[in-house]
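The following exercises concern the reading of a protein model. Please work through each task before consulting its solution.

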Amino acid sequence: MAFFSKLKDRLFKSSSKLEQGLDAIVEDGGVEEAVTAAQPAPVIPQPDPEPQPVPELPDTPELPEPQPVDPTPAPMPPEAPQPVDPAPPAETGTGRGLLGRLFARPGGATVVRRTLDDDMLEQLEELLIAADMGVDTALRVTANMAEGRIGRKLSTQEIKELLAQEITRIMEPVARPMPLYPKRPQVVLVVGVNGSGKTTTIGKLASQFKAAGKKVVIAAGDTFRAAAVEQLQVWGDRAGVPVLTAPEGSDPASLAFDAMTRAGADGADLLLIDTAGRLQNRADLMEELAKIVRVIRKKDDTAPHNTLLVLDATTGQNAISQVETFQKLADVSGLVMTKLDGTAKGGILVSLADRFGLPIHAIGVGEQIDDLAPFDPQDFAAALTGLDTQA
Ligand SMILES: Nc1nc2c(ncn2[C@@H]2O[C@H](COP(=O)(O)OP(=O)(O)OP(=O)(O)O)[C@@H](O)[C@H]2O)c(=O)[nH]1
């Protein structure tokens, strides 16, 4: 199954919310027009298309080729030119507009269009803010979308296309797979608040890396919660990857050190280290993370090579403060956004990309081992706006 369809199905809550809102906005003051073969829907004037490279993201997630640890710029996957968007399709009475559906007649399809003005723009801003895009990002997206189009009549489908275009433009620079380095073991520190999906994500990543031929070791660094360790062991078993544990309450840094030794001795390519996520006592957590880093650097002064922050999409705008907090606690190098299935808050990703510009390596769309996918900006934008781009 193409990942796009899966994402679209699962992001239904976000897209349906946006979609219903867009229908209501367009129908509020919109005018029904006939669409005939002789009078196709007007083509939306496109801003100058500047071809931008996007990471190539196949259906089956693949890992990028190994890249040198230094220099600093994050290695990019092979790139492909962005396909030029075809002109938007003519809208017909079979579209989703309520009036369009009600008034559709055989041989005389209709579409509702509303003139883009300040009122409509304000309504669009409110809709995007309600979808958790954040005020600044919502204002930017609508302003860009409106540029050169004030006074033009737009249908829901045309607005979706314009919104999807803007969202894609914001997301493209951050859509980057987790970089892989020739360093062995490559140390990946996984941070995030409790319940954000760290354990699940580590299990999914381990499974994908293993499938890609990498030798993986997991370290259960949240030694304070026996349940967290057990859960990680279950995921390790599922992925077929060893999980190093330590007695409950023992020093996570000492486990990390042992894990470095074991991963080195085993010739592991990757060491994924889980960490605690208790934010109640930030000073303790900061010290704990700092100690883990200090200790693993005794083995490899370039480690950790990646620090992944796992965020739960259902927390909406709260994800912003989590990024700010963890950037202070650790040197966050990339994000994984979990639980994008079944949330109406998918817009938070746009807000995060716009605000922090941190790479989004992957998204979680379910609780199964294969429910982690590379982040594809176009698919995401289409799923978020409810845009039909594929059969
Ligand atoms: N629907 C959905 N659920 C997810 C996803 N990722 C994780 N979960 C669920 O979220 C819950 C918490 O996930 P964990 O992986 O245990 O989170 P954690 O950050 O390790 O939490 P602690 O062990 O408490 O530190 C579990 O019930 C997971 O099944 C996802 O992408 N989609």
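The exercises below proceed from the whole chain to helix pairs, the ligand shell and single residues.

**Exercise 1. The chain as a whole**

Task: State how many helices and strands the protein chain has, and what percentage of its residues count as buried.

Solution. The model is predicted, and this should be kept in mind throughout. The protein chain holds 13 helices and 13 strands. Of its 391 residues, 48% count as buried. Turning to contacts between residues at least 6 apart in sequence, 80% of them join residues at least 24 apart.

**Exercise 2. Helix 7 and helix 8**

Task: Classify the mutual orientation of helix 7 and helix 8, and identify the residues that make their contact.

Solution. Step one is the geometry: the axes of helix 7 (residues 198–211) and helix 8 (residues 226–239) come within 9 Å and cross at roughly 20 degrees. Step two applies the cut-off: angles under 35 degrees count as roughly parallel, and helix 7 and helix 8 are therefore roughly parallel to each other. Step three gives the handedness, which is right-handed for this crossing of helix 7 and helix 8. Step four lists the participants: helix 7 contributes Thr-199, Thr-200, Ile-202, Gly-203, Ala-206, Ser-207 and Lys-210, while helix 8 contributes Ala-228, Gln-231, Leu-232, Trp-235, Gly-236, Arg-238 and Ala-239. By class, the contact of helix 7 with helix 8 has six nonpolar, six polar and two charged residues.

**Exercise 3. The surroundings of helix 12**

Task: Determine which residues of helix 12 are buried, which elements they pack against, and how helix 11 meets helix 12.

Solution. In helix 12 (residues 348–356), the buried residues are Ile-348, Leu-349, Val-350, Ser-351, Leu-352 and Ala-353. Their packing partners are helix 5 (135–146), helix 6 (156–171), helix 11 (318–329), strand 11 (334–338), strand 12 (360–364) and helix 13 (377–385).

Consider next the pair formed with helix 11. Helix 11 and helix 12 have axes 9 Å apart and pack at an angle of about 35 degrees, in a right-handed crossing. Ala-319, Ile-320 and Val-323 of helix 11 meet Ile-348, Ser-351, Leu-352, Arg-355 and Phe-356 of helix 12. The residues of this contact of helix 11 with helix 12 comprise six nonpolar, one polar and one charged. Just after helix 12, Gly-357 adopts a positive phi of about 65 degrees.

**Exercise 4. The ligand shell**

Task: Which residues come nearest to the ligand, and which element supplies the largest share of the shell?

Solution. There are 21 residues around the ligand, of which Gly-197, Lys-198, Thr-199, Thr-200 and Gly-364 come nearest. Helix 7 and helix 8 each supply at least two residues of the shell; the largest share, three residues, comes from helix 7. By class, the shell has two nonpolar, 13 polar and six charged residues.

**Exercise 5. Two loop residues**

Task: Decide whether Lys-339 is buried or exposed, do the corresponding assignment for Leu-279, and list the contacts of Lys-339 and of Leu-279.

Solution. Lys-339 lies in the loop between strand 11 and helix 12. A residue is buried if 20 or more other C-beta atoms lie within 10 Å of its own; Lys-339 has 23 and is therefore buried. Beyond neighbours within four places in sequence, Lys-339 is in contact with Gly-197, Asp-312, Ala-313, Thr-314 and Gly-364.

Leu-279 is placed in the loop between strand 9 (270–274) and helix 10 (282–299). With 15 other C-beta atoms within 10 Å, Leu-279 is partly exposed. Not counting residues up to four places away in sequence, Leu-279 touches Val-193, Leu-285 and Thr-325.

Key:
Residues numbered from 1 in each chain as written. Predicted model: local features only at pLDDT ≥ 70, side-chain atom pairs only at ≥ 80, totals over all residues. Buried ≥ 20, exposed ≤ 12 C-beta atoms within 10 Å, placed from the backbone. Helix = DSSP H or I, 4+ residues; strand = E, 2+ residues; numbered from the N terminus. Contact = placed C-beta atoms within 7 Å. Axes fitted to C-alpha atoms, helices over the stretch in contact; angles between N-to-C directions. Parallel < 35°, antiparallel > 145°, perpendicular 65-115°, else oblique. Left-handed = near helix turned anticlockwise from the far one by under 90°. Nonpolar A, V, L, I, M, F, W, Y, C, P; charged D, E, K, R; others polar. Near = placed C-beta within 6 Å.
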